[in-house]
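Visitor: I would like a close look at one part of this protein, the sheet and what lies around it. Please take me through it step by step.

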Amino acid sequence: MPAADILPFFLAWIRNPVRVAAVAPSGAAVASLMTQEITAQTGPVIELGPGTGSFTYALLDRGVSELDLTLVEYGSDFIPLLQRRFPRARVLWMDAAWLHKEKLFEKAPVGAVVSGLGLLTMAPEKVAAILRGAFGYLRPGGAFYQITYGPRCPVPDCILDQLGLQAVRIGQTLLNVPPASVYRISRRQPTLD
């Protein structure tokens, strides 16, 4: 994380702590954890709440082409920065809950959604809308990766059940401010009776 990103991120958090989920950008340890299952073959990738681009840089390091990145950011403070840093990525200024209303891709070609959104601060209806929209773009076998600073998955079990999803914690790191965990959320496999 560039040191120059800390102050703008912190100021954005001060202005709207509900919208900006953390006081500082995610560090290298959690960015590596968040993207550990993603490769160049995963793309296209949608990133929700990229902020200053910590996870975006990690995705590029994993071999994902910048052309395969769609960055969805609601914080207008971060849009010009993202456009400068990732000029070949598609940067969209929109609420992630609107994903289902947009036509970002034809059919469902997306291999992964990486989310830095603060789901713990959102209403359950909004969390469900974000997941519903994201999974509308994910191909079979695709996954939604979610960071959290809480002790458990930030998506309530009732929403996972309603949408036919399952969540598995793929790791945690204390080398982040604050310490963080990452969950992989995927479609449930049909059970054989």
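Guide: This is a predicted model. A starting point on the outside is a nonpolar surface patch formed by Tyr 74, Trp 93 and Trp 98, whose accessible area together is about 350 Å². Tyr 74 sits in the loop that links β2 (69-73) to α4 (79-85). Its relative accessibility is 32%, and because buried means under 20% and exposed means over 50%, Tyr 74 counts as partly exposed.

Now to the sheet itself. The sheet is open and has seven strands, in the order β3-β2-β1-β4-β5-β7-β6, and the pairing is mixed. At the edges stand β3 (90-93) and β6 (165-173); each has a single partner strand, so one side of each has no neighbour in the sheet. From one strand to the next, the twist averages 20°.

Take the β6 edge next. Eight bridges pair β6 with β7 (residues 180-187), and the sense is antiparallel. One residue to find there is Ala 167, whose bridge partner in β7 is Ile 185.

Two helices that pack on the sheet can be added to the picture. Helix α2 (residues 28-35) touches β4 (110-115), β5 (138-148), β6 and β7, and its direction makes about 145° with that of β6. Helix α5 (residues 124-137) also packs on the sheet, where it touches β1 (45-48), β4, β5, β6 and β7; the angle between its direction and that of β5 is about 140°.

Strand β5 has come up with both helices, in contact with α2 and with α5. Eight of its eleven residues are buried, so β5 is largely enclosed by the rest of the structure. In the sheet, β5 runs parallel to β4, and five bridges join the two. To see the pairing residue by residue, look at Val 113: its bridge partner in β5 is Phe 144. In a regular strand, side chains alternate between the two faces of the sheet.

Strand β5 also helps to cover another helix. In α3 (residues 54-61), the buried residues are Ser 54, Phe 55, Thr 56, Ala 58 and Leu 59. Their cover includes β5, along with α2, β1, β2 and β4. An α-helix has 3.6 residues a turn, so residues three or four places apart point the same way. After α3 comes Gly 63, which has a positive phi, near 100°.

Note on methods: Residues numbered from 1 in each chain as written. Predicted model: local features only at pLDDT ≥ 70, side-chain atom pairs only at ≥ 80, totals over all residues. Heavy atoms only, no water. Patch = residues over 30% accessible without salt bridge, like charges linked within 9 Å, V, L, I, M, F, W, Y side chains within 5 Å. Areas by Shrake-Rupley, 256 points an atom, 1.4 Å probe, with all protein chains shown as cover. Salt bridge = Lys/Arg side-chain N within 4 Å of Asp/Glu carboxyl O. Helix = DSSP H or I, 4+ residues; strand = E, 2+ residues; numbered from the N terminus. Buried < 20%, exposed > 50% of the residue type's maximum accessible area, 1.4 Å probe, protein only. Pairing = 2+ DSSP bridges. Axes fitted to C-alpha atoms, helices over the stretch in contact; angles between N-to-C directions. Contact = heavy atoms within 4.5 Å.
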